[in-house]
Amino acid sequence: MRRTALMIVLAAVLAPIAAGVSMGSAVNNVAISADGRYAVAGTDGGVIACLRQDGSVAWDTSAGDPVTAVAVAGARGYVAAGTNAGDVILLDGASGNRYWTERVAGPVRDLAFSGDGRSLAVGSSRVTLFDHQGKEGWNFSTGAGATVSSIAFTADGNYIAAGSDNGVIHLIGSRGNLLWQGIAYGPVTAVDASRDGTTVAAGGRDRVLQVYGRSGGLPWVVQAGAPILALALPADGRFVIIGKQGGDLDCYRPREGLIWQNHTESDVLAVDVSEQGEVVAAGTAGGTLRLLSGDGGVLWSFDAGAPVTSVALSANGGYIAAGAGERVFVFRTADVPVEITTTPAEKATPAMTPTQAAGAGALIGAGAVAVAGGWLRRR
């Protein structure tokens with residue numbers, strides 16, 4: 001046992017350890033605070049959980065129904081969650097205490113805070129705006145029978161971009177006024193907007209990337225070659241990252257063209273980019289979590305063991321959260337994730353973290369050095 005513990009200590013010293021926390025049911029969505037201090041996950045079992053940087057669970061609470069979307073405010077410390085039943089929940093990010101619960105029409109598909117955290121946009125069968133006290137400001141229909149699949153809120157709080165499964169892209173003002181709408185030839189799966197709304201990007205099942213200016217009009221359009229499953233912009237909107245069915249991760253510069261392409265082994269289900277574009281994260285259906293530099297170079301890849309359906313980067317790209325199967329991963333992007341293995345002499349089977357402690361998921365990070373080291377000293 002001494003030898004096994006020593007191997008764990010050495011692994012922690014020589015290379016950072018990536019591990020996952022078991023949530024007990026499928027993780028549908030993750031979000032991370034701007035400074036990377038904590039991440040939030042929502043599960044199919046109705047759990048909203050907050051994890052610290054070291055992977056320990058700060059708090060968790062039941063939403064009563066499958067949690068389909070989560071969001072973290074860039075200010076004020078709010079956490080929002082939406083459910084399949086249409087509940088919208090606002091919580092205190094530090095304690096998990098619930099401020100309010102409201103209901104919208106249809107299942108919640110996406111959530112986005114304004115930069116100051118005072119407004120929350122909700123995508124369901126309509127776009128609904130709430131203030132931080134739970135008061136509904138307005139709601140906007142994107143078409144009869146349509147579902148808002150993706151939503152983005154500009155940091156200045158002036159514009160909301162929404163994409164619907166009826167193939168319509170909307171830019172809505174903060175008072176609920178329609179500024180313009182665009183048309184796709186299939187369901188819109190993802191939209192994003194630059195910090196000030198000068199760039200709005202949308203992609204969908206029609207295999208077309210559309211990039212609009214704030215005033216709308218004719219978009220810059222490129223044929224992506226495969227359905228677009230995920231999309232993200234840096235704060236200034238100078239490039240667009242798209243994840244596609246079939247495994248390609250593409251980076252385009254609007255009104256110019258393809259900058260770089262990275263091929264993964266399977267459908268790219270989730271993407272995110274740091275605010276200044278330093279790093280890009282992608283999750284695939286094959287279970288790979290991949291981190292790339294802003295110029296497309298692969299920094300590392302990690303086998304998460306299940307389809308990676310959601311990824312989130314902190315503002316400066318220093319921390320990443322990802323949901324894969326029933327697990328949530330949280331770690332520093334500067335650290336290359338590795339496996340923990342024991343020596344053959346211990347007759348133990350090599351195991352990918354997370355480890356299991358008394359049947360519960362345990363995330364091991366840099367703190368493993370102190371924990372394991374203390375165990376050795378006590379022995």
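Two strands count as paired if DSSP finds at least two bridges between them, and with that criterion in hand the sheets of this predicted model can be followed strand by strand.

A good place to begin is strand S16 (residues 168-173), which pairs with S17 in the antiparallel sense over five bridges. Within this pairing, His 170 stands opposite Gln 181 in S17. Both strands belong to an open sheet of four strands, whose order is S14-S15-S16-S17 and whose pairing is antiparallel. The edges of this sheet are formed by strand S14 (148-153) and by S17, each of which pairs on one side only, and the twist from one strand to the next averages 15 degrees.

Strand S17 also carries one member of an aromatic pair. The ring centres of Trp 180 and Tyr 212 lie 4.5 Å apart, with their planes at 25 degrees, and because planes under 30 degrees apart count as stacked, this pair is a stacked one. Trp 180 sits in strand S17 (residues 178-183) and Tyr 212 in strand S20 (residues 208-213), so that the pair links distant parts of the chain, 32 residues apart. Trp 180 counts as buried because its relative accessibility is 8%, and Tyr 212 is likewise buried, with a relative accessible area of 3%.

In total, the structure holds seven aromatic pairs. Another of them joins Tyr 78 and Tyr 99, which meet edge-to-face at 5.6 Å centre to centre, with 85 degrees between the planes. Since Tyr 78 lies in strand S7 (residues 78-83) and Tyr 99 in strand S9 (residues 98-103), this pair ties together parts that are 21 residues apart in sequence. The accessibility of the two residues can be stated separately: Tyr 78 counts as buried at 9% relative accessibility, whereas Tyr 99, at 45%, counts as partly exposed. Elsewhere, ring pairs link Trp 300, Phe 302, Phe 329 and Phe 331 into a cluster.

A further open sheet of four strands has the order S26-S27-S28-S29, again with antiparallel pairing. Strand S26 (268-273) and strand S29 (298-303) stand at its edges, and because each has a single partner strand, one side of each is left without a neighbour in the sheet. Neighbouring strands here are turned by 15 degrees against each other on average, direction ignored. Strand S26 is joined to strand S27 (residues 279-284) by five bridges, the two running antiparallel, and along this pairing Val 268 stands opposite Thr 284 in S27.

Key
Residues are numbered from 1 along each chain as its sequence is written. This is a predicted model: local features need pLDDT of at least 70, side-chain atom pairs count only at pLDDT 80 or more; totals for chains, interfaces and linings use all residues. Side-chain values use heavy atoms; hydrogens and water are left out. Rings of Phe, Tyr and Trp (its six-membered ring) pair if their centres lie within 6.5 Å; planes under 30 degrees apart count as stacked, over 60 as edge-to-face and the rest as tilted. Buried means under 20% relative accessible area, exposed over 50%, partly exposed in between (1.4 Å probe, protein chains only). Axes are lines fitted to C-alpha atoms, for helices over the stretch in contact, and angles run from 0 to 180 degrees between N-to-C directions.
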